[in-house]
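The following account leads through one protein model, from its aromatic contacts to a helix and then to a pocket. The reader may wish to keep the structure in view throughout.

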Amino acid sequence: AFEYFTRAAGLGDMEAQYQLSRMYDLEKGIEKDGRRGMHHLKEAAIGGHPSARCGLGFHEYDNGNIERAVKHWIIAANLGYDEALHEIKNCYLMGKVSKDEFASALRANQAAINESKSPQREAAANFIV
């Protein structure tokens with residue numbers, strides 16, 4: 001898997017970048033390397049991968065950079081990533097995010113979700129179920 005993800009990442013696949021970051025972080029078939037893992041996580045986030053962006057938020061939060069963490073989570077929430085919205089809500093409940101910031105992230109998250117809806121996607125979802 002590592003070789004295929006590496007090739008795909010080299011071709012610009014952001015999911016492959018994210019999976020490489022996870023492999024380096026979790027020692028999945030390769031030696032753990034936090035520096036390389038973070039490189040791939042950042043590349044995936046820059047490329048618009050919402051899970052990667054959320055992961056950067058967790059990294060910043062763990063390092064005590066709450067403001068930076070919230071910025072990453074807001075970007076991920078704006079991409080329709082619900083886990084990031086959950087983290088913003090937690091920060092709001094702890095008083096780290098204003099009500100306006102939380103409301104704005106909630107609206108942007110809902111707008112992203114609404115944008116991704118289409119009759120074709122709904123038909124495909126019903127077909128799979």
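**Aromatic pairs, a helix and a pocket**

Tyr-92 counts as partly exposed, because its relative accessibility is 29% and the partly exposed class lies between 20% and 50%. The model discussed here is a predicted one. Phe-102, by contrast, has a relative accessibility of 17% and therefore counts as buried. The rings of Tyr-92 and Phe-102 form a stacked aromatic pair, with 5.3 Å from centre to centre and 15° between the planes. This pair links distant parts of the chain, since Tyr-92 belongs to helix H6 and Phe-102 to helix H7, 10 residues apart.

Helix H6 itself comprises 12 residues, 82-93. From its first C-alpha to its last it reaches 17 Å, close to the 16 Å expected at 1.5 Å a residue. Which residues of H6 are buried? They are Ala-84, Leu-85, Glu-87, Ile-88 and Cys-91. These residues lie on the same side of H6, because they cover an arc of only 160° around the axis. The general background is that an α-helix has 3.6 residues a turn, so residues three or four places apart point the same way. The cover over the buried residues of H6 includes helix H4 (50-62), helix H5 (66-78) and helix H7 (99-115). After H6 comes Gly-95, with a positive phi near 85°.

The aromatic contacts extend beyond this helix. A search of the whole structure finds 4 aromatic pairs. One of them is formed by Phe-2 and Tyr-24, which meet edge-to-face at 5.8 Å centre to centre, with 90° between the planes. Here too distant parts of the chain are linked: Phe-2 lies in helix H1 (residues 2-10) and Tyr-24 in helix H2 (residues 14-26), 22 residues apart. Phe-2 is partly exposed, at 28% relative accessibility, whereas Tyr-24 is buried, with a relative accessible area of 7%. Phe-58, Tyr-61 and Trp-73 form one aromatic cluster.

The last feature to consider is open space. The largest pocket holds about 260 Å³. It is lined by 15 residues, of which Tyr-18, Arg-22, Asp-25, Leu-41 and Gly-55 are the closest to its centre. Which elements give two or more residues to this lining? They are H2, helix H3 (34-46) and H4. H4 provides the largest share of the lining, 5 residues. Helix H4 thus appears in two settings: as part of the cover over the buried residues of H6, and in the lining of the largest pocket.

How values were computed: Residues are numbered from 1 along each chain as its sequence is written. This is a predicted model: local features need pLDDT of at least 70, side-chain atom pairs count only at pLDDT 80 or more; totals for chains, interfaces and linings use all residues. Side-chain values use heavy atoms; hydrogens and water are left out. Helices (H or I, at least four residues) and strands (E, at least two) are DSSP runs, numbered from the N terminus. The expected span of a helix is 1.5 Å times one less than its number of residues. Buried means under 20% relative accessible area, exposed over 50%, partly exposed in between (1.4 Å probe, protein chains only). The arc is that of the directions from the helix axis to the C-beta atoms. Contact means heavy atoms within 4.5 Å. Rings of Phe, Tyr and Trp (its six-membered ring) pair if their centres lie within 6.5 Å; planes under 30 degrees apart count as stacked, over 60 as edge-to-face and the rest as tilted. On a 1 Å grid over the protein atoms alone, a cavity is a set of points where a 1.4 Å probe fits but cannot get out, and a pocket is an open set with protein on both sides within 12 Å along at least five of seven lines; lining residues have an atom within 4 Å of a point. Grid points are joined across faces, edges and corners, and a volume is the space filled by probe spheres set on the points.
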